[in-house]
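Student: I would like to take a close look at the charged pairs in this protein, and at what surrounds them. Could you walk me through that part in one go?

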Amino acid sequence: TGLFMMALALAVHAQEKKWHFNIDGGGYINNGNIDNMSFTQGAGAKRNDSLIELDASYKYTIAQQDGFLNNRELLSNIQLDLWQYDRWSPFIAANDLVNRFKGYDNKLSLLGGVKYRIYFKPGLFDYSVSAAFVYDFVDYYGETDLDNQKARFSLRAKIKQKIGKITDIKHTTFYQPAFDDCRGDYIITSVTKIDNHIWKCLSLGLGFTYEYRSLVPDGTKKQDAHFDVGLSVVF
């Protein structure tokens with residue numbers, strides 16, 4: 001009873017402070033450098049008010065076949081937006097990726113930029129574009145002559161759309177060319193997510209992610225894609 005009352009008090013406190021938390025679990029069907037079915041687990045925290053939006057999350061993915069590990073990834077993100085409900089909104093972010101099967105011992109990306117809201121209606125839709133400066137610090141897995149540090153320009157298009165009472169569609173596409181070789185060195189990432197709020201704090205998510213890297217280490221494929229299905233508990 002004491003633990004329940006403590007959990008309830010924390011939940012009420014989080015609501016008062018405009019904090020929201022989520023715990024996720026599901027599976028991936030992969031194609032590209034990884035061709036298997038992987039299991040994933042993640043969690044996140046978000047604060048949203050009239051001044052800032054702070055979003056932090058991680059996702060851990062793992063798969064084995066015939067007793068051998070054939071996929072393991074840890075992806076962490078944190079982003080801070082200022083005046084996110086205004087037409088113009090500056091932001092900073094950091095992303096960290098560990099996945100040797102995609103050629104990375106570690107990849108840390110630091111971003112800073114501004115978002116422009118094209119069309120917005122609370123609770124219904126939000127269309128925006130953004131531009132940012134990105135600096136990548138990369139430790140590649142294995143021998144390569146690729147640069148371990150790279151400055152990039154990032155362009156992003158983002159759509160959030162509510163369909164009916166329980167379904168949200170989110171789509172984001174990034175185009176990130178290198179400053180010193182915009183035609184030969186670029187990354188394209190496209191993510192589509194459909195969330196179905198099936199019961200109070202529980203939602204069922206369907207997603208598709210596609211990534212293309214024009215320059216990769218020898219023996220690494222340029223394209224990766226995965227389809228995912230998962231459940232998310234928000235509190």
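Student: Before the salt bridges, what is the mean pLDDT of the protein chain, and what percentage of its residues reach 70 or more?

Tutor: Happy to. This is a predicted model, with a mean pLDDT of 89 for the protein chain and 93% of its residues at 70 or more. Confidence is highest in strand E9 (residues 167-178), where the mean is 97, and lowest in helix H1 (residues 2-16), where the mean is 45. Over residues 1-15 the pLDDT stays under 50, and the model has three contacts there beyond four places in sequence. Where pLDDT is low, the predicted coordinates should not be read in detail.

Now to the charged pairs. Searching the whole structure gives 15 salt bridges, and three of them make a good tour.

Let us start with Glu 73 and Lys 102, whose side chains form a salt bridge with an N to O distance of 3.2 Å. This pair ties together distant parts of the chain, 29 residues apart: Glu 73 belongs to strand E4 (residues 68-82), while Lys 102 sits in the loop between strand E5 (88-99) and strand E6 (104-121). Both Glu 73 and Lys 102 are buried.

Glu 73 also leads us to a nonpolar neighbour. Leu 97 touches Glu 73, along with Leu 74, Leu 75, Tyr 104, Asn 106 and Lys 107, leaving aside residues up to four places away in sequence. Leu 97 is in turn one of the five residues of the largest nonpolar core, together with Tyr 104, Val 138, Tyr 140 and Leu 146. Tyr 104 therefore appears twice, as a contact of Leu 97 and as a core member, and both Leu 97 and Tyr 104 count as buried because a nonpolar core is a set of buried residues.

The second stop is Lys 150 and Asp 147, a salt bridge of 3.1 Å from N to O. Lys 150 counts as buried because its relative accessibility is 12%, under the 20% cut-off. Asp 147, at 43%, counts as partly exposed. The pair does not stand alone: salt bridges with shared partners connect Asp 136, Asp 147, Lys 150, Arg 152, Asp 180 and Asp 185 in one network.

The third stop is Arg 47 with Asp 49, where the closest N and O atoms of the salt bridge are 2.8 Å apart. Asp 49 has a relative accessibility of 12%, so this residue is classed as buried.

For contrast, turn to the nonpolar surface. A patch of about 980 Å² is built from Ile 29, Met 37, Ile 194, Ile 198, Trp 199, Leu 204, Leu 206, Phe 208, Phe 227, Val 229 and Leu 231. Strands E10 (181-199), E11 (202-213) and E12 (223-234) each give two or more residues to the patch. Leu 231, from strand E12, counts as partly exposed because its relative accessibility is 42%.

Two backbone details round off the picture. Most residues other than glycine have a negative phi. Lys 200, in the loop between E10 and E11, has a positive phi near 40 degrees, and its 76% relative accessibility is why Lys 200 counts as exposed. Trp 83, in the loop between E4 and E5, also has a positive phi, about 50 degrees, without being a glycine. At 41% relative accessibility, Trp 83 is classed as partly exposed.

Key
Residues numbered from 1 in each chain as written. Predicted model: local features only at pLDDT ≥ 70, side-chain atom pairs only at ≥ 80, totals over all residues. Heavy atoms only, no water. pLDDT = per-residue confidence, 0-100. Helix = DSSP H or I, 4+ residues; strand = E, 2+ residues; numbered from the N terminus. Contact = heavy atoms within 4.5 Å. Patch = residues over 30% accessible without salt bridge, like charges linked within 9 Å, V, L, I, M, F, W, Y side chains within 5 Å. Areas by Shrake-Rupley, 256 points an atom, 1.4 Å probe, with all protein chains shown as cover. Salt bridge = Lys/Arg side-chain N within 4 Å of Asp/Glu carboxyl O. Buried < 20%, exposed > 50% of the residue type's maximum accessible area, 1.4 Å probe, protein only. Core = buried A, V, L, I, M, F, W, Y, C linked by side-chain atoms within 4.5 Å.
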